[in-house]
Amino acid sequence: PDRFVGDAQAGGPSPMLPLGQGDWVRGEIPAYQALEGRRDAAFYVARYDGEIRYTDAALGGLFDGLKDRGLYERSLIAITADHGETLVEPGHQRYFSHGTVAYEETVRIPLVIKPPAGGTPGGRRDEIRFAGTCDLYATILEAAGLPPDTTRREGRSLLGLVEGRPPADWPQAAVTQGAGLGGVMCTQRMLRKGTLKYVFDA
């Protein structure tokens, strides 16, 4: 809702971008993202920030509801997203996109896990590790005291990281591949190891 739109960027100088006739053209605002014929980038950035503020407010309401019912402390809560979003980064000019690219702003997303009370010796922990949404399934199973799902080879429990006992063999590299969109968009592959990253358009 517009009541969450109040980003300072909306009032300052803003790059003017061409409106795209298609959805995946480099250097243009994708047609499916275009609103009200606006070309100023800050207009769209402010609305993206508004979505974040809206989500933050909704999560606050959820947490308050759990606390009112005495459920918050004993709940396992995981907050993440399936992807990030390109905004107006100048390097690749894939404006306001996701799903078809593997740039840092689309694949490096937050994952916040609040274990049940007593599950984090020493309090809050910040870990910078390679993880994926497939790891959440294994994490929930372990937290619930259930055995691992042997039918799935992907995904490892993150509970050790949350509780301060990181596995010594945690992956040091990550590989992803975008499926592309047939003849509309290429397939993009990404290899990341440490601070190095290689992105390849097939």
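**A long first helix, two cores and a three-stranded sheet**

Helix α1 covers residues 41–68, and its 28 residues reach 41 Å from first C-alpha to last, close to the 40 Å expected at 1.5 Å a residue. The model is a predicted one. Quite a few α1 residues are tucked away: Ala41, Ala42, Phe43, Tyr44, Val45, Ala46, Asp49 and Gly50 are buried, and so are Phe63, Gly65 and Leu66. What the buried residues of α1 pack against is β1, at residues 77–79. Just after the helix comes Gly70, with a positive phi of about 70°.

Zooming out for a moment, the chain holds 4 helices and 5 strands. Read from the N terminus, the elements go α-β-α-β-α-α-β-β-β. Of the 202 residues, 30% count as buried. The accessible surface comes to about 12,900 Å², with 55% of that belonging to carbon and sulfur atoms. As for contacts with a separation of 6 or more, 49% come from residues 24 or more positions apart.

Now for the interior. The largest nonpolar core has 9 residues. Helix α1 spans residues 41–68, and the core members include Ala41, Phe43, Tyr44 and Val45. Leu17, Ile29, Leu87, Tyr95 and Phe96 also belong to this core. Ile29 makes a handy reference point here: leaving aside neighbours within four places in sequence, Ile29 is in contact with Leu17, Tyr44 and Phe96, among others. The rest of the Ile29 contact list, on that same basis, reads Pro18, Leu19, Gly20, Ala34, Arg38 and Arg39. A second core, separate from the largest one, has 6 residues, among them Leu136, Leu158, Val162 and Trp170.

Next up is the sheet. It is open, has 3 strands in the order β3-β4-β5, and pairs in the antiparallel sense. The edges are β3 and β5, each of which pairs on one side only. From one strand to the next, the twist averages 10°. Strand β3 (residues 173–177) is joined to β4 over 5 antiparallel bridges, with Ala173 standing opposite Lys193 of β4. On the other pairing, β4 and β5 (residues 196–201) run antiparallel over 6 bridges. Two bridge pairs help to fix the register: Gln188 is matched with Asp201 of β5, and Leu191 with Tyr198 of β5. The hairpin of β4 and β5 leaves 2 residues between the strands, and Gly194 in that hairpin has a positive phi near 60°.

Strand β4 (residues 188–193) also shows a neat split between its faces. In a regular strand, side chains alternate between the two faces of the sheet. Along β4, Gln188, Met190 and Arg192 point to one face and are buried, whereas Arg189, Leu191 and Lys193 point to the other and are not.

Finally, a word on backbone outliers. Two residues take a positive phi without being glycines: Glu36, at about 55°, and Gln93, also at about 55°. Glu36 sits in the segment before α1 and is exposed, with a relative accessible area of 68%. Gln93 is found in the loop between β1 and α2 (104–107), and Gln93 is partly exposed, at a relative accessible area of 34%.

Key
Residues numbered from 1 in each chain as written. Predicted model: local features only at pLDDT ≥ 70, side-chain atom pairs only at ≥ 80, totals over all residues. Heavy atoms only, no water. Expected span 1.5 Å × (residues − 1). Buried < 20%, exposed > 50% of the residue type's maximum accessible area, 1.4 Å probe, protein only. Contact = heavy atoms within 4.5 Å. Core = buried A, V, L, I, M, F, W, Y, C linked by side-chain atoms within 4.5 Å. Pairing = 2+ DSSP bridges. Areas by Shrake-Rupley, 256 points an atom, 1.4 Å probe, with all protein chains shown as cover. Axes fitted to C-alpha atoms, helices over the stretch in contact; angles between N-to-C directions.
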